[in-house]
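This report is written for a reader meeting the structure for the first time. The sequence and model are shown here.

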Amino acid sequence: GLLECSVYLALAISTFIAGPLSIRFGRRRLILISLYLSALSTIICAIVANFTTLLLSRALLGFCCGLRFSTLYVWAAELVSSKEIIAKILMITGIMFHIGGMWSSVLGYLLLERVGWRMFLLFSSLPVVI
């Protein structure tokens, strides 16, 4: 309910400011900052003691995801040297985002009852930290 709404609302808001932020800080730096803040907010989600902190950390996670999604496609298109493969690169990037989302759901289904939601959130932040 409210937790997921906070993620998507923050994601929608961040897509509007991703462009000016990427111009100010650079696309690569903004992507890295959003990755690190995503890991931090996921860790905070796993160790929170109350609903308000969980809500705010989930909103931060959505905000960072919006920054990353918006900026990564532009950055990938800029890095491609051949115009013939831009569409393929962007399609592969989109597919990877969706595979990651599906993989997270599958892992949640397989592990959630075994390890609990807090440990699952910590496990889900490991790829960003590594």
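The sections below treat the helix α2, the salt bridges, the cysteines and the largest pocket.

This is a predicted model, in which local features need pLDDT of at least 70 and side-chain atom pairs count only at pLDDT 80 or more, while totals for chains, interfaces and linings use all residues. Residues are numbered from 1 along each chain as its sequence is written, and side-chain values use heavy atoms, with hydrogens and water left out.

**Helix α2**

Helices are DSSP runs (H or I, at least four residues), numbered from the N terminus. Helix α2 covers residues 27-47, 21 residues in total, and its first and last C-alpha atoms lie 30 Å apart, close to the expected 30 Å; that expectation is 1.5 Å times one less than the number of residues. Buried residues of α2 include Leu30, Ile31, Ser34 and Ser38. Here buried means under 20% relative accessible area, exposed over 50%, and partly exposed in between (1.4 Å probe, protein chains only).

**Salt bridges**

A salt bridge is a side-chain nitrogen of Lys or Arg within 4 Å of a carboxyl oxygen of Asp or Glu. By this rule the count is two.

| Salt bridge | Closest N to O |
|---|---|
| Arg58 and Glu4 | 2.8 Å |
| Glu78 and Arg27 | 2.8 Å |

Arg58 belongs to helix α3 and Glu4 to helix α1, so this pair ties together parts 54 residues apart in sequence. Arg58 is buried, at 16% relative accessible area, whereas Glu4 is partly exposed at 36%. In the pair of Glu78 and Arg27, Glu78 lies in helix α3 and Arg27 in helix α2, so parts 51 residues apart in sequence are tied together.

**Cysteines**

A disulfide is a pair of cysteine sulfur atoms within 2.5 Å, and the structure holds zero of them. The sulfur of Cys5 is 15 Å from the closest cysteine sulfur, that of Cys45, which is too far for a bond. For Cys45, the closest cysteine sulfur is in Cys65, at 11 Å, again too far. Cys45 is buried, with a relative accessible area of 0%.

**The largest pocket**

A pocket is an open set of points on a 1 Å grid over the protein atoms alone, where a 1.4 Å probe fits, with protein on both sides within 12 Å along at least five of seven lines; lining residues have an atom within 4 Å of a point. The largest pocket is lined by 33 residues, and among those nearest its centre are Cys65, Gly100 and Ser124. Helix α4 supplies the largest share of this lining, 19 residues.

Definitions and conventions. Helix = DSSP H or I, 4+ residues; strand = E, 2+ residues; numbered from the N terminus. Points joined across faces, edges and corners; volume = space filled by probe spheres on them.
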